[in-house]
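I open this page to record what I looked up in the structure, entry by entry. The strands come first, then the helices, then two single residues.

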Amino acid sequence: MKYTQTKSEIILASKSEVRKKILERNNIKCKVVASNLDEEPIKKSLEKDGASPELICKNLAELKALKVSSSNQNIIVLGADSVINLDN
């Protein structure tokens with residue numbers, strides 16, 4: 001399947017104002033579309049399986065992007081998440 005971007009902006013699948021500002025400061029036009037993903041059961045399942053904080057973060061970001069992109073075709077969707085690990 002060939003991908004063709006039809007708009008000059010991307011979608012940020014995150015409600016984070018900080019992430020939006022980072023993109024805008026770097027001249028990347030973006031529109032925010034919240035994924036409304038229920039993260040807690042996903043985090044708990046991954047933690048139960050022994051996933052690292054990094055893996056949990058990557059999985060949540062990917063799931064957010066996939067959820068938003070399912071209803072926004074032909075536009076790049078950026079998913080993002082952050083996890084704080086206090087047990088370094």
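Entry 1, the sheet. I began with strand E1 (residues 10-13), which pairs with E2 in the parallel sense over three bridges. This is a predicted model, and I read the entries below with that in mind. For the register I looked up Ile10, whose bridge partner in E2 is Cys30. Taking the sheet as a whole, I found that three strands form an open sheet in the order E2-E1-E3, and that the pairing is parallel. Which strands stand at the edges? Strand E2 (30-32) and E3 do, and because each has a single partner strand, one side of each is left without a neighbour in the sheet. I also noted the turn between neighbouring strands of this sheet, which is 30 degrees on average when direction is ignored.

Entry 2, helices on the sheet. I then asked which strands H1 touches. H1 packs on the sheet with contacts to E1, E2 and E3, and its direction makes about 155 degrees with that of E1. H3 also packs on the sheet, where it touches E1 and E3, and the angle between its direction and that of E3 is about 150 degrees.

Entry 3, the ends of H1. At the start of helix H1 (residues 17-25) I looked at Ser16, a side-chain oxygen of which comes to within 3.3 Å of the backbone nitrogen of Val18. Following H1 I came to Asn27, and I recorded that its phi is positive, near 60 degrees.

Entry 4, the helix pair. Two packed helices are described by the angle between their axes and the distance between the axes. For helix H2 (residues 39-48) and helix H3 (residues 53-69) I wrote down an angle of about 145 degrees and axes 10 Å apart, and I noted that the crossing is right-handed. From H2 the contact is made by Glu39, Ile42, Lys43, Leu46 and Glu47, while H3 brings Ile56, Asn59, Leu60, Leu63 and Lys64 to it. Sorting the residues of this contact by character, I get five nonpolar, one polar and four charged.

Entry 5, Asp81. Is this residue, which lies in the segment after E3, buried or exposed? Asp81 has a relative accessibility of 15%, so it counts as buried, the cut-off being under 20%. Its side chain makes a polar contact of 2.6 Å with the side chain of Lys64, a residue that I had already listed in the contact of H2 with H3. Leaving aside neighbours within four places in sequence, I found Asp81 in contact with Arg19, Glu39, Cys57, Leu60, Ala61 and Lys64.

Entry 6, Ser71. I looked next at the loop between H3 and strand E3 (77-79), where Ser71 lies. Ser71 has a relative accessible area of 59% and is therefore exposed, since the class begins over 50%. The side chains of Ser71 and Asn72 are joined by a polar contact of 3.4 Å.

Entry 7, the chain as a whole. I closed with the overall description: the chain has three helices and three strands, and read along the sequence it follows the pattern β-α-β-α-α-β. The C-alpha trace spans about 40 × 30 × 20 Å along its principal axes. How much of the chain is buried? Of the 88 residues, 30% are buried. Among contacts with a separation of 6 or more, 52% are between residues 24 or more positions apart.

Note on methods: Residues are numbered from 1 along each chain as its sequence is written. This is a predicted model: local features need pLDDT of at least 70, side-chain atom pairs count only at pLDDT 80 or more; totals for chains, interfaces and linings use all residues. Side-chain values use heavy atoms; hydrogens and water are left out. A polar contact is a pair of N or O atoms within 3.5 Å; within protein, one must be able to donate a hydrogen and the other to accept it, and residues adjacent in sequence count only if both atoms are side-chain atoms. Helices (H or I, at least four residues) and strands (E, at least two) are DSSP runs, numbered from the N terminus. Axes are lines fitted to C-alpha atoms, for helices over the stretch in contact, and angles run from 0 to 180 degrees between N-to-C directions. A crossing is left-handed if the near helix is turned anticlockwise from the far one by less than a right angle, and right-handed if clockwise. Contact means heavy atoms within 4.5 Å. Ala, Val, Leu, Ile, Met, Phe, Trp, Tyr, Cys and Pro count as nonpolar, Asp, Glu, Lys and Arg as charged, and the others, Gly among them, as polar. Buried means under 20% relative accessible area, exposed over 50%, partly exposed in between (1.4 Å probe, protein chains only). Two strands pair if DSSP finds at least two bridges between them.
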